[in-house]
Every structure is written in structure tokens, then in C-alpha cells.
Amino acid sequence: MANKEVLKNYIDGEWRDSVSGRRIEVDDPSNGETIAVVAEAGPEEVELAVASAHRVFRDRVLIDMHPYDRGRMLFRVADALEARSDEIAAVNCIETGKALVYAHGEVQSAIRYLRYYGGLADKLEGRSIPRGANLVDYTVRSPFGVSAQIVPWNGPLELTARSLACAIATGNSVVVKSPELAPLSGIEIARACETAGLPAGAVNVLTGYGQTAGQALIEHPHVRHIVFTGSTATGRTILKAASERIVPCIMELGGKSAAVVFSDADLDAVVEAVRLGTFTNAGQNCNGLTRLLVERSIADALVERLKVCVEGLSVGPGRENCDITPLISQKQRQGVERACQTALSQGARLVTGGTALSERNGYFMAATVFADVARDRDLFQKEVFGPVLAVTTFDDPVEAVDLANDTDQGLAAGVFTRDLDRALWTADRLWAGQVYVNGWFVGGVETPFGGVKQSGYGREKGQEALDGYVQTRNVG
């Protein structure tokens with residue numbers, strides 16, 4: 001501990017320790033060992049960061065900059081990340097626990113977001129409205145001001161980059177609250193912004209706890225825009241605070257995503273989708289494949305194939321590129337264990353897994369499959385955020401869609417069939433922000449992402465994301 005450098009918050013173009021002197025220890029989820037110590041941001045740091053971001057907005061530093069030059073700044077941030085991509089991937093891997101190959105993918109996604117929105121910065125246009133002789137009327141798509149961005153721990157580098165890029169491209173200034181469980185990726189983004197020469201105060205990155213730094217940030221009177229990715233429960237809390245000041249929000253919240261598998265489906269494709277969609281990053285993905293709805297005639301055969309696949313997955317640290325990597329914390333693992341115990345008590349049939357791997361150091365949970373999960377049970381309805389799959393059978397397409405839509409969430413969904421008409425019919429009726437066909441995680445930087453119902457509103461990714469970072473004003 002005494003030998004570890006204290007990593008600081010990035011405020012107004014400078015690295016600053018916390019006024020309180022408090023620290024946050026960051027551990028490696030694969031073994032529980034402390035890997036870094038960061039300065040804990042509190043209300044004092046929030047005040048400084050928001051003040052600097054507000055100054056940038058008030059003085060029109062980004063607004064008056066040519067949009068092309070705002071885009072070039074984002075390209076320089078991407079270049080700075082790319083120059084240290086291997087080192088940053090290693091940091092992302094060790095703080096989140098995810099497989100190194102996926103950490104490398106996260107770095108590349110962050111770079112792509114920065115360049116994608118950098119390229120769109122000079123293409124966001126208003127319109128001229130004909131009003132007759134002697135009248136000129138037009139619209140301006142203007143930034144909100146200070147954008148507060150609260151980032152989750154499961155994809156901290158990628159999700160910071162995508163929101164930050166949209167904000168800067170459209171002329172907003174930014175204060176990021178990095179996750180206390182995985183703050184190092186946010187620090188790497190801040191270093192890249194410093195290297196790229198962004199104006200002081202345009203981007204500020206703080207590491208602190210939600211109940212202190214996060215609360216102070218969303219309640220600050222100069223924050224005029226909030227971006228949040230995380231649980232539905234925390235999203236509700238943020239929305240209540242935002243409603244007091246009528247602050248617009250982008251909310252990407254929890255999911256309980258279902259895949260509908262018809263009897264003519266390619267079962268190899270289904271098994272591969274489960275391997276990726278359910279178990280990547282130990283199932284800690286908001287749009288993960290958590291419910292598999294299977295036509296009854298093939299259910300037994302598919303469940304047996306899933307059992308073989310899951311029991312063949314390797315378990316170990318992310319740096320070894322294992323299939324099942326640790327959960328982010330002991331608390332997270334305990335929550336997943338409780339969900340499995342509840343599923344058993346409510347009558348689900350355990351196919352494989354279901355327990356913590358306590359013989360290992362770190363926060364490992366066995367890859368788990370439950371069958372015969374009824375629609376009124378917790379495992380069918382509630383997000384687990386761990387490597388757990390619930391399998392439920394259906395008898396006809398109408399019932400399948402009804403089951404898929406029978407939750408409060410609507411982030412992602414999927415359909416597996418060789419029949420194109422059936423695929424399109426089902427996709428049209430699955431009430432989710434994105435629907436995958438014969439695969440999972442098939443979206444990209446260019447495809448809009450977000451939820452319906454209690455999975456949130458607003459869109460990240462794609463050109464549609466920029467709409468959430470601007471407000472249309474009329475001049476006439």
C-alpha cells in the first residue's frame with residue numbers, strides 16, 4: 001500500500017488530489033489483491049470540475065470552435081489511446097476481470113467511437129424553414145451545457161468514450177464520474193484527452209462513490225444534461241433528482257433479454273450465441289442473453305447441448321483469456337449466488353453450475369443453466385448480472401413473443417430460425433430496443449442502442465445518439 005502511487009482526479013486540465021485525502025483501493029477481481037489506489041472525489045472535487053466545465057460552456061470555447069476542429073480533437077484522443085492500446089487493454093483487463101481479448105476489443109471500440117463521432121461533428125445541421133417574403137427562419141441544434149456522465153464498471157473505457165465523444169462533438173463540456181470498482185480506464189481516457197490537448201475544463205474525470213460524488217454531480221445547478229448507464233433502481237434515483245431541475249437525461253438501464261428459438265433454428269448458432277451472450281464477462285452485460293425461450297419439441301436436445309458447452313468452458317483470470325472470468329466484486333458474487341438459490345427454491349431445474357467457486361481466489365461463479373423456469377419466477381423476471389441462463393419452453397409463436405415481452409425490461413431480444421418471414425414477424429413483435437437475428441451482440445458502433453419500458457430511453461451509438469446531446473432552437 002505505502003508504495004502505490006495515488007492516482008488523481010483530472011479537473012480543469014490538471015491532476016488533483018482530493019481535498020478530503022480519502023482514497024479508494026482498486027482490486028483485481030481474479031484474486032482480490034489491491035492493484036491501485038485512487039483519490040476519492042467528493043463534493044469539493046465535483047464543485048471544481050463542474051465549475052471548469054461550466055466556464056468552458058459559458059465562454060463558448062467549444063461552441064465557437066469550428067465543428068471540424070472539434071472532430072479533429074476527438075481524433076487526437078483516439079490516436080492517444082491507440083498509441084498505448086496494449087497497455088490500456090491490460091489495465092482494463094485487470095481492473096474489470098474480463099478476458100484480455102475482450103479488453104483489447106474494448107480499447108478498439110473506444111477508439112472507433114471517438115473517430116466515428118469525430119467524423120460526424122461537422123455534419124450535424126439545422127434547417128431553413130420557408131415562411132414567405134421578408135422572413136428568415138432557421139433552426140440551430142445547440143448543446144445543453146455541462147453533461148454529467150455516470151459510467152458503469154462493466155465497460156468503463158468504451159462507455160466513457162462513446163458518451164464523451166457525442167458530448168464534445170456537439171459542443172457540450174463533460175464531467176465523468178468513473179466507477180469506483182473500475183476507475184483506471186477513466187483515468188486512461190483523461191490521459192488521452194490531456195495528450196490530445198483538449199481545452200482545460202472541456203473534459204473532467206472524477207473517481208468517487210455514487211452516494212457522494214455521483215449525488216453531488218446530478219444535483220449541481222450547473223449540470224444541464226445527464227447520461228447514466230447502470231441499474232434500473234439507480235436510474236430511478238437519478239431521474240428523481242433530475243426532475244427537480246428539469247434536466248434531460250439519457251438512461252441506459254437494466255435488461256432481462258430473451259432469445260426465441262424456433263424448432264428449425266441452427267442449434268450450433270444458438271449454442272454459440274449463449275456462449276457469447278450469456279457468459280462473456282461473467283454475464284455482466286446489460287444486454288446479455290439471460291432468457292432462452294425454446295420451442296418445446298427441441299428443448300431437451302438443446303438443453304443437453306448447452307450443458308456440454310457450458311461444462312467445457314474454461315475458468316480463470318481474464319489475463320489468461322479464460323471463458324469464465326471473475327465477477328467484479330464479492331458483493332456481486334453474493335448477489336448472483338442468492339439469485340441461484342432463489343431459483344432452486346422456486347422450482348427451477350438446475351442443469352449445471354449454480355454455486356460460487358469458493359476454492360478459487362477471486363470472485364468466481366460457476367457458469368449456470370436453469371431449465372423449466374416459470375414466467376412468474378424471479379429468475380425469469382429479474383436481472384441477475386452474472387453467468388446465469390434461464391430456459392423456458394413454448395408451444396407456438398404467439399406464446400413465445402408473449403413470454404419474451406413479459407418483463408418490465410426491454411433492452412435487447414433475439415430470434416433464431418431459418419424462416420425469414422418468421423424471423424421478421426417475430427422481430428417486429430419483440431418489444432426491445434434492439435433485436436438480434438440468428439446471433440447475439442451483432443450490433444456495432446454505427447447501430448443505435450438503448451431500451452424501452454424500464455430499460456430506459458434515449459439512444460447511444462449510431463447517428464441517432466447525437467440527437468440526445470443537442471436541443472433544437474428556432475430563430476426567425
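How do the residues of the lining of the second largest pocket divide into nonpolar, polar and charged? I will come to that in a moment, but let me say at the outset that what we have on the screen is a predicted model.

To give the answer directly, that lining divides into eleven nonpolar, twelve polar and seven charged residues. To see where this pocket sits, we need the overall layout, and here the domain assignment of the protein gives a domain 1, made of 6-253 together with 455-475, and a domain 2, which covers 258-437. The centres of domain 1 and domain 2, taken over C-alpha atoms, are separated by 31 Å. In the contact between these domains, 22 residues come from domain 1 and 27 residues from domain 2.

Now, back to the second largest pocket, which holds about 850 Å³ of space. Its lining is made of 30 residues, and those closest to the pocket centre are Ser109, Glu158, Asn287, Phe441 and Lys461. Helix H4, residues 100-120, helix H5, residues 156-169, and strand S18, residues 434-437, each supply at least two residues of that lining, and the largest share, six residues, comes from H4. Because domain 1 and domain 2 both give residues to the lining, the second largest pocket lies between them.

Let me turn to the largest pocket, where the space comes to about 1200 Å³. Here 42 residues form the lining, and the closest to the centre are Trp153, Gly230, Ser231, Thr234 and Gln332. The elements that give two or more residues to this lining are helix H7 (210-219), strand S10 (223-229), helix H8 (232-245), helix H11 (330-345) and helix H12 (378-381). Among these contributors, H11 gives the most, with eight residues. By class, the lining of the largest pocket has 18 nonpolar, 16 polar and eight charged residues. And where does the largest pocket lie with respect to domain 1 and domain 2? It lies between them, because both domains give residues to its lining.

From the open pockets I move to the cavities, of which the structure holds four of 30 Å³ or more. The largest cavity has about 80 Å³ of space, and of the 15 residues that line it, Arg291, Ala404, Ala412, Ala413 and Trp431 lie nearest its centre. Strand S12 (257-261) and strand S17 (412-416) are the elements that give two or more residues to the lining of this cavity, which by class has eight nonpolar, five polar and two charged residues.

The second largest cavity has a volume of about 60 Å³. Strand S7 (146-150), H5 and S10 each supply at least two residues of its lining, and among the lining residues you can find Gln149, Ile150, Leu159, Arg162, Val227, Phe228 and Glu460. The classes there are six nonpolar, three polar and two charged.

Two of those lining residues, Arg162 and Phe228, lead us to Glu252, which is found in strand S11, residues 249-252. Is Glu252 buried or exposed? With 3% relative accessibility it counts as buried, because the cut-off for buried is under 20%. Leaving aside neighbours within four places in sequence, Glu252 is in contact with Arg162, Phe228, Thr229, Gly230, Cys286, Leu411, Phe449 and Ser455.

A second residue to look at is Arg245, which is found in helix H8. Arg245 and His220 are 25 residues apart in sequence, yet 9.5 Å apart in space, C-alpha to C-alpha. If we do not count residues up to four places away in sequence, Arg245 touches Ile218, Glu219, His220, Pro221, Val223 and Arg224.

Finally, let me take helix H2, residues 67-83, as an example of how a helix is packed. H2 has 17 residues and reaches 25 Å from its first C-alpha to its last, which is close to the 24 Å expected at 1.5 Å a residue. Which residues in H2 are buried? They are Arg70, Gly71, Met73, Leu74, Val77, Ala78, Ala80 and Leu81. What covers these buried residues includes helix H3 (85-96), H4, H5 and helix H6 (184-196), and two of those helices, H4 and H5, are ones we have already met in the lining of the second largest pocket.

How values were computed
Residues numbered from 1 in each chain as written. Predicted model: local features only at pLDDT ≥ 70, side-chain atom pairs only at ≥ 80, totals over all residues. Heavy atoms only, no water. 1 Å grid on protein atoms, 1.4 Å probe; cavity = no way out; pocket = protein on both sides within 12 Å on 5 of 7 lines; lining within 4 Å. Points joined across faces, edges and corners; volume = space filled by probe spheres on them. Helix = DSSP H or I, 4+ residues; strand = E, 2+ residues; numbered from the N terminus. Nonpolar A, V, L, I, M, F, W, Y, C, P; charged D, E, K, R; others polar. Domains from an automatic or database assignment. Expected span 1.5 Å × (residues − 1). Buried < 20%, exposed > 50% of the residue type's maximum accessible area, 1.4 Å probe, protein only. Contact = heavy atoms within 4.5 Å.
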